[in-house]
Amino acid sequence: MEGGGANSNNASPVEVRCGASELRIPMAASIASGSSNLPFKEMICKGQGCRQTSLVSGVTFQRFAKKDLLWSSAGASKFLKVQRCNVSCSVINVNSKPLGTITASGLRDGTTKYFDFAVIGSGVAGLRYALEVAKHGTVAVITKAEPHESNTNYAQGGVSAVLCPLDSVENHMRDTMVAGAYLCDEETVRVVCTEGPDRIRELIAMGASFDHGEDGNLHLAREGGHSHHRIVHAADMTGREIERALLEAVVNDPNIFMFEHHFAVDLLTSQDGSDTVCHGVDTLNTETQEAVRFFSKVTLLASGGAGHIYPSTTNPPVATGDGIAMAHRAQAVVSNMEFVQFHPTALADEGLPIKPSKTRENAFLITEAVRGDGGILYNLNMERFMPLYDERAELAPRDVVARSIDDQLKKRSEKYVLLDISHKPREKILSHFPNIAAECLRYGLDITRQPIPVVPAAHYMCGGVRAGLQGETNVRGLYVAGEVACTGLHGANRLASNSLLEALVFARRAVQPSIDHKKNTKIDLNDEDVWGRPIVPISLGRDALEKIVKNTKEVRKELQLIMWEYVGIVRSTTRLKTAEQRIGELELRWEAYLFQHGWDPTMVGLEACEMRNLFCCAKLVVSSALARHESRGLHYTTDFPNLEESKRLPTVIFPCTRVNGTWSSRQLHKQHN
């Protein structure tokens, strides 16, 4: 493969210096913990060395030998090793729906529950995994809102897979590598592209209904960056159809228990020698305002992305980076956070004939498939501009199209561009894009006759919790799949419709190692209170809580505006450093406000915990962006506008050996020998 491959990732990551002290640190505690104590003291960890002052929020990246940065080779075992755990667990206690049998020893109070497997997230990755591991034990699916409220449900375009005899795995791999600016891990790409077709066939066997052509075969669409027609879809609501089929199967599985409106607060971890071990998760039932603890032999993190670090995102409101932040606090390795994908074409409400009566919680996505089906981009003078930027025009990868639109908007001082599909037959438009047509018609726009106003919006995190080929992390018992994970598939830019594919493949690949881990793992029920319990802040009183929530919402908007203004589609070192400083100051000010109103670090509330996670993810993005001294894929900086072959490396954030303070439950304790 030209210019790419697993070996492209096996050099040391970029090193960053932290403030004036110029100390190299494996992980900044301020990012790790939400820095609840930062307004009041400076923290220093010696040894591997990590210094944190009130205004320093940067991450630095430790140098490791070349072999240590491979996603999928044996060299990755240095920080992605998963060993058999010698601590133990066994009984189940649930109250969400009846069990066939339950032992008396499992009947504890309702705030502590025991499962073989805990799945955090109810998108395609979490549900597909749950259905497989449920054959081997009891499963808790913990979801922040309703089960269907996930990025999966909002995915319009489809799933990419080689299902046409004119296509090939090699073609799909090449397209993925090119889109990812050759930062992809080649072995991961091969695995996903090879196993993808079988994962699609499994969905169909489970009852997922995809569009077929007149010849009776699956209708395969083409999207930007793809050289062949290979997108399996259900009109423009593919994610919704997949979610429907999976949820139906989950509901009918007696071993799976769904816990709605349970917000995951922190992972329960212990230290076993040099290894961190995961034992489950603390949650907040946001309907009853009750803290609920889940012990599990195996935990899968499938909680999605962090789109809401930006003011405009296609992600649902639940996408506040909770999984990435939790895993980071639990000492999991995080990678490639600078690569935030902005979808080029979200509906621009300002350009609609009838303006929405209130601001949307998330931007409405205009799927890639519209351009794949012949849609053309124009500026407001109806001048086609994409051929000026790339020979692939509208079919260029998303990073190219998003930057081109951004350039047009800035040069012309305009707020949106136009995407026109009206030259296609009306019947075809309505059959391929019924959801988009209906949404636009609500605001007086007929897409069969008029162009669609569009603007880029934050869409997908290509970085996340670093995973091996089986979805394993460096934390024993913790697996990841979906957008929360960084598997090496996407590299510096995700190819359209590869996200659902990755989620399906890695959810399935994580099953066998999870089963093996479960067989050799127990939980000692006597240890259930070793971790401090999160406290719901009822004692503060309604007035104080209302003030905290109001202030937090204002801070959230301020953080989002900083990220859009300084850490958007086009970046610079000066602007990134400004963002770093302003975010650090904003976080300190917000935390000081909370503590002045009686907040305690052990307290948990939805808005406050989300804000903590948004701060964490925003700082990870900024610090990772500062570390990359080149422009590659989704990361474009005016200070280093060229792609540098010597810098074709993943950005890796390693954890400290200790957790230096945290909100909510005390996460880490040493194993009893």
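Visitor: Which residue stands opposite Leu 220 in S7?

Guide: This is a predicted model, where local features need pLDDT of at least 70, side-chain atom pairs count only at pLDDT 80 or more, and totals for chains, interfaces and linings use all residues. Residues are numbered from 1 along each chain as its sequence is written, and side-chain values use heavy atoms, without hydrogens and water. Two bridges join S6 to strand S7 (residues 231–232), and the two run antiparallel; strands here are DSSP E runs of at least two residues, helices H or I runs of at least four, numbered from the N terminus. Opposite Leu 220 in S7 stands Val 232.

Visitor: What is the order of the strands in the open sheet?

Guide: Strands pair if DSSP finds at least two bridges between them. The edge strands, S5 (159–160) and S6 (220–221), each pair on one side only. The three strands pair antiparallel, in the order S5-S7-S6.

Visitor: How far apart are the end C-alpha atoms of helix H16?

Guide: Helix H16 covers residues 542–566, which is 25 residues. The expected span is 1.5 Å times one less than the number of residues. That gives 36 Å, and the distance between the end C-alpha atoms agrees: 36 Å.

Visitor: Is Thr 138 buried or exposed?

Guide: Thr 138 sits in the loop between helix H3 (124–133) and strand S4 (139–142). Buried means under 20% relative accessible area, exposed over 50%, partly exposed in between (1.4 Å probe, protein chains only). Thr 138 has a relative accessible area of 9%, so it is buried.
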